[in-house]
Amino acid sequence: MGLTKRSSLMSLLIVRLRWVLAIQLATLFVSSAGFVMFAEYGWFDAFYMSVITLGTIGYGEVHPLGTSGRLWAIIVVTGGFAVLVYSGAVLTSLLLSGELTDAIVRQRRNRMRDRLKDHMVVVGFGRVGHAVVSAALQAGHACVVVDHHETKRDAITDAGAIAVIGDGMQESVLHEAAIGTARGLVTAAPDDPANLVVTLTARAVCPDLRIVSRVNDPAWQERITRAGASAAVSPYADFGAGLAASALGADVIETHSLSGYGLRTEDIVIGKGSRLIGRRPRELASDNANATLISMRRGSSGTTWEKTNDELREGDLLVIVGPEEVVAALIRRTTE
């Protein structure tokens, strides 16, 4: 008999063992009634006699039995043995089928989800989804991954996340992923229409939730944003821009594009003869209000900009975040 995913361990035991319990109770009642009829026992003595007979305890007869009473006792022992064999077969089937283990694991997973708070929900566990999960876990946030492929359950668990197997476009599945207490949701499906529907559903369930959607075709970016995504990011466009910038910029150590937010991050090296030599990081931060100076590295040591007041020197590396045009202008100043 089928069980829903929300079925508890007790529900499973009741469903699978209800006939066993019913047959055992019926056998006990019929046995007691027989001793009342054939041995002229009172109901309590008949019940006691049935219990010790079916339990094969062998304490002895409560009252001396005649031929009919002993014949009935033989029938009870035989019937009790048959019920015991049937009960053992049902329990063995339950253990060997794996249903009991699955129910215990499912109950433990449900308890974990009930305690989740400030976690990340990731819809889709492909290469992009796996990368999102890894980054979230490294940042110290628990992850719940929603994917409709049962075969990915073990991979999701091995990655350190909680698996919810189901369609992320369904509101009930998102509730199962505890979206109501989540810090944010990333929909990373390889299909743009699916990402749009997930975004719409999640936004309807949680109006204030931060939702970031993967975009494969740039033509879908505006649609997904209108559907309620806080940001719609193309992993291919952003990664390609980063590779191009790294290849074309001689002084660039590492580039990471945040085009979904209208931002760009850049590692800028102070070149020889730059007008920034001799300036202080705090002065640079105040002169470029639209950009954020995250840190400064000199040689093998690095520090956040507000913790140093040293003058900038040739070879110093600055990590900048800001709008594309502001960062580009700042890069030009480092080499002028």
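Helices here are DSSP runs of H or I with at least four residues, and strands are E runs of at least two, both numbered from the N terminus. Counted that way, the protein comes out with twelve helices and eleven strands. The model is a predicted one. Of its 336 residues, 40% count as buried. Contacts that reach far along the chain are well represented: taking those with a separation of 6 or more, 57% join residues 24 or more positions apart.

On to the hydrophobic interior. In soluble globular proteins, nonpolar side chains tend to be buried together. The largest nonpolar core in this model has 19 residues, and the members touching the most others are Val-121, Val-123, Val-146, Ile-179, Leu-185 and Leu-209. Two or more residues apiece come from strand S1 (120-123), S2, strand S3 (162-165), helix H7 (171-176) and H8. The top contributor is H8, which supplies three residues. There is also a second core, separate from this one and made up of 14 residues, with Ala-136, Ile-156, Ala-163 and Val-186 among them.

Two of the valines in the largest core are worth a closer look. Val-146 sits in strand S2, and its relative accessibility is just 1%, so it counts as buried, the cut-off being under 20%. Once neighbours within four places in sequence are set aside, Val-146 is in contact with Val-121, Val-122, Val-123, Gly-124, Val-164, Gly-166, Asp-167, Gly-168, Val-173 and Ala-177. Take the last of those partners: Ala-177 is 31 residues away from Val-146 in sequence, yet the C-alpha to C-alpha distance is 7.2 Å. Val-123, with its own neighbours within four places left out, is in contact with Val-146 and Gly-168, then with Leu-174, with the run Leu-185, Val-186, Thr-187, Ala-188 and Ala-189, and finally with Val-198. One of these partners, Val-186, belongs to the second core.

Next, the second largest pocket. Its space amounts to about 310 Å³. Strand S2 (143-147) and helix H8 (192-205) are the elements that give two or more residues to its lining. That lining consists of 21 residues, and those nearest the pocket centre are Gly-124, Asp-147, His-148, Ala-189 and Pro-190. Broken down by class, the lining holds nine nonpolar, six polar and six charged residues. S2 and H8 also turn up among the elements giving two or more residues to the largest nonpolar core. Two of the residues nearest the pocket centre, Gly-124 and Ala-189, appear in the valine contacts as well: Gly-124 is in contact with Val-146, and Ala-189 with Val-123.

As for cysteines, the structure holds zero disulfides. Cys-143 is buried, its relative accessible area being 1%. Cys-206 also falls under the 20% limit, at 11% relative accessibility, and therefore counts as buried.

Last come a couple of backbone oddities. Most residues other than glycine have a negative phi. Glu-40, however, is not a glycine and has a positive phi of about 55°. Glu-40 is in the loop that links helix H1 (9-38) to helix H2 (43-54), and with a relative accessible area of 72% it is exposed. Ala-178 is another non-glycine residue with a positive phi, near 60°. The loop in its case runs between H7 and strand S4 (184-187). Ala-178 is buried, though, with a relative accessible area of 13%.

Note on methods:
Residues numbered from 1 in each chain as written. Predicted model: local features only at pLDDT ≥ 70, side-chain atom pairs only at ≥ 80, totals over all residues. Heavy atoms only, no water. 1 Å grid on protein atoms, 1.4 Å probe; cavity = no way out; pocket = protein on both sides within 12 Å on 5 of 7 lines; lining within 4 Å. Points joined across faces, edges and corners; volume = space filled by probe spheres on them. Nonpolar A, V, L, I, M, F, W, Y, C, P; charged D, E, K, R; others polar. Core = buried A, V, L, I, M, F, W, Y, C linked by side-chain atoms within 4.5 Å. Buried < 20%, exposed > 50% of the residue type's maximum accessible area, 1.4 Å probe, protein only. Contact = heavy atoms within 4.5 Å. Disulfide = S-S within 2.5 Å.
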